[in-house]
Every structure is written in C-alpha cells, then in structure tokens.
Amino acid sequence: MSNDLAERVARRATTPTDQAAQRQQPAQPTLVQFVRQMGPEIARALPAHMSGAADRIARIALTDLNRVPNLAKATRDSFAGALMTCTQLGLEPGGISGEAYLLPFWNKRIGQHEVQLVIGYQGMIKLFWQHPLAAGLDAREVRENDEFDYEYGLDAYLRHKPARRNRGQVAEYYALARLSNGGNAFVVMSPEDVEKIRRRSKAKDAGPWQTDYDAMAKKTAVRQLFKLLPKSPELARAVAHDESVRRDASADGIDAVPDFIEGETVEDGRSAGSDEVAA
C-alpha cells in the first residue's frame, strides 16, 4: 500500500470526534504568552535580595519582545534559557539598565532564530560587588590629552588625571579592582586591543556594541581583569554564559556548559563570524 493510500485510509478511519479534537488542540503559545506563564518560575529563581522583582523582569522581557527586531521569532527554549539566566543571576534584561541584553541570532544549524545572552558592563559591576572581598572597581577611557602612566611588574602602578577640557580621542581603556585583603590589580587595553576582541564577538554588529560602544569597551577591560581576581559563583556563571545560548530553563541549567553558536548571522543579515570568544 502506498504512503498516499495509507494516509487516505487513516483519514477515513478517523472519527468525527477525533477530527474535532484535533481542531481544538491549543496552538503553541507565543513568546508573549509564554513570558506571562513564566511568572511563578521567575519568582522562584530570583536571588533573595531581589524577591518581589518577578513582575518587573517579566514586564521588561515583554517590552523587549516588542522592541528588539526578530526577538519574538526566536525559539522558546533559547528565550526561556536566557531569561532564566538573567533571573538566577539577579540581572535585569533589556537595554535600560545596561545589565544584560537578550539578542536574537540566526542559527544556521537549525534554521531558526535563537536568543543569545550578552552580559552588560553594569551587570558585570553589579556581580563583582557581591563578592565578599570586593572593595573597589573602576573602568575608564583615557583620552589623548589626559595625564596617564602605568607600569606592570613587582612595583606596578597606574596614574590617570583627566584633562579638564579638550580631552581628545580615546587612547586607552583600563579597569582596576581593589580587594578588602589589600590586593589590587589592573588591566590596560588599547583601542586596537578592544577592537580585536569585538571582531571576534558574535554580537559585534548588534546590540550594545552598536549603541554603547564605550561601555562595552570598558566591559571588555573588566572581563580581562576578572581573569586575575577571585570570582563569586554568580560572577563565574555570568562570565561562562556571556554571549552564549542556554536551552535548558530548569534551575540546574545555569550550571551546564552553554552553547556558543557557530556560523550565525545577526538580525540584519550580516555575517557575525564563527569564533567562540566572547567579548
């Protein structure tokens, strides 16, 4: 019996009741509906110091679905995973706070948009301050007419006195941290150093790299600095999930190794490259 005949026989064998039940099956909820359904899960996943913020996070996510092109077209699993990572880290999604961004990327492997979480500069700073040894963190741009000098080594130092006016173009970026045990560290990066990392980023042509370049450049310096510092579990998770895709929205999913998509394109169709190094 051919496949076509088998299908016709199966259709004839289906009772009117079965056909009516099939027609009445609920459609897959939209991401807007899904976010509203996630309210209780968001509330349970929030850190204790952010209890009561579930409604706000859901509202921000709903706003992003209407504001960010192609975000509403992304897979439900990747959207839920990105939103749950924000929730578990205690970061607000969306560009208003600068803590985290939910960005849609076209995944060639599956032929669908997926959501990539990009941790913002403010998000990194917020998580640093949760470490018990945190005593100070700063990141700044140095301009051509500023007084600036630094040296690495056993007698490392960094001095920066910004010019009062006409500071000129950006010449360097730096990040420095102080710990309550007396330790300190700093990292200095040239604009060329920052650009090398930006070009390896899958978000190089979208999101905060386009709207808040200096903040992302300082975040890049902060990320390099974090390699030298002790990290809280939350900060370590944030660094691990930055510019990744998480498809498991369960409570344990944040401790799984995230996926760094290869060969995706950003929403305007330009290639975003295949490197897996996050900015």
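Biologist: At what angle do the axes of helix α7 and helix α10 cross?

Modeller: This is a predicted model: local features need pLDDT of at least 70, side-chain atom pairs count only at pLDDT 80 or more, and totals for chains, interfaces and linings use all residues. Residues are numbered from 1 along each chain as its sequence is written, and side-chain values use heavy atoms, with hydrogens and water left out. Helix α7 covers residues 121-128 and helix α10 residues 213-226 (DSSP runs numbered from the N terminus: helices are H or I, at least four residues; strands are E, at least two). Their axes (lines fitted to C-alpha atoms over the stretch in contact, with N-to-C angles from 0 to 180 degrees) come within 8 Å and cross at roughly 35°.

Biologist: Which residues of α7 make that contact?

Modeller: Contact here means heavy atoms within 4.5 Å. On the α10 side you'll find Ala215, Lys218, Lys219, Val222, Arg223 and Phe226. Facing them from α7 are Tyr121, Met124 and Phe128.

Biologist: On to the rings: is the pair of Tyr150 and Tyr152 stacked or edge-to-face?

Modeller: There are eight aromatic pairs in the structure, with Phe, Tyr or Trp (six-membered) ring centres within 6.5 Å; planes under 30 degrees apart are stacked, over 60 edge-to-face, the rest tilted. For Tyr150 and Tyr152 the centres are 5.5 Å apart and the planes sit at 70°, so the pair is edge-to-face.

Biologist: What relative accessible area does Tyr150 have?

Modeller: Its partner Tyr152 is partly exposed at 44% (buried is under 20%, exposed over 50%, partly exposed in between, with a 1.4 Å probe and protein chains only). Tyr150 is partly exposed as well, and its value is 30%.

Biologist: How many residues apart in sequence are the parts tied together by Tyr150 and Phe186?

Modeller: These two rings also pair edge-to-face, with centres 6.4 Å apart and planes at 85°. Phe186 counts as buried at 10% relative accessibility. Tyr150 belongs to strand β4 (residues 147-151) and Phe186 to strand β7 (residues 184-189), so the parts they tie together are separated in sequence by 36 residues.

Biologist: Which residues do the ring pairs link into a cluster?

Modeller: Tyr150 pairs with Tyr152 and with Phe186. The cluster takes in Phe148, Tyr150, Tyr152, Tyr174 and Phe186.

Biologist: What separates the C-alpha atoms of Ala45 and Ser250?

Modeller: Ala45 lies in helix α4 (residues 39-45). Leaving out residues up to four places away in sequence, Ala45 touches Met84, Thr87 and Gln88. Ser250 is 205 residues away from Ala45 along the chain, yet the C-alpha separation is 9.4 Å.
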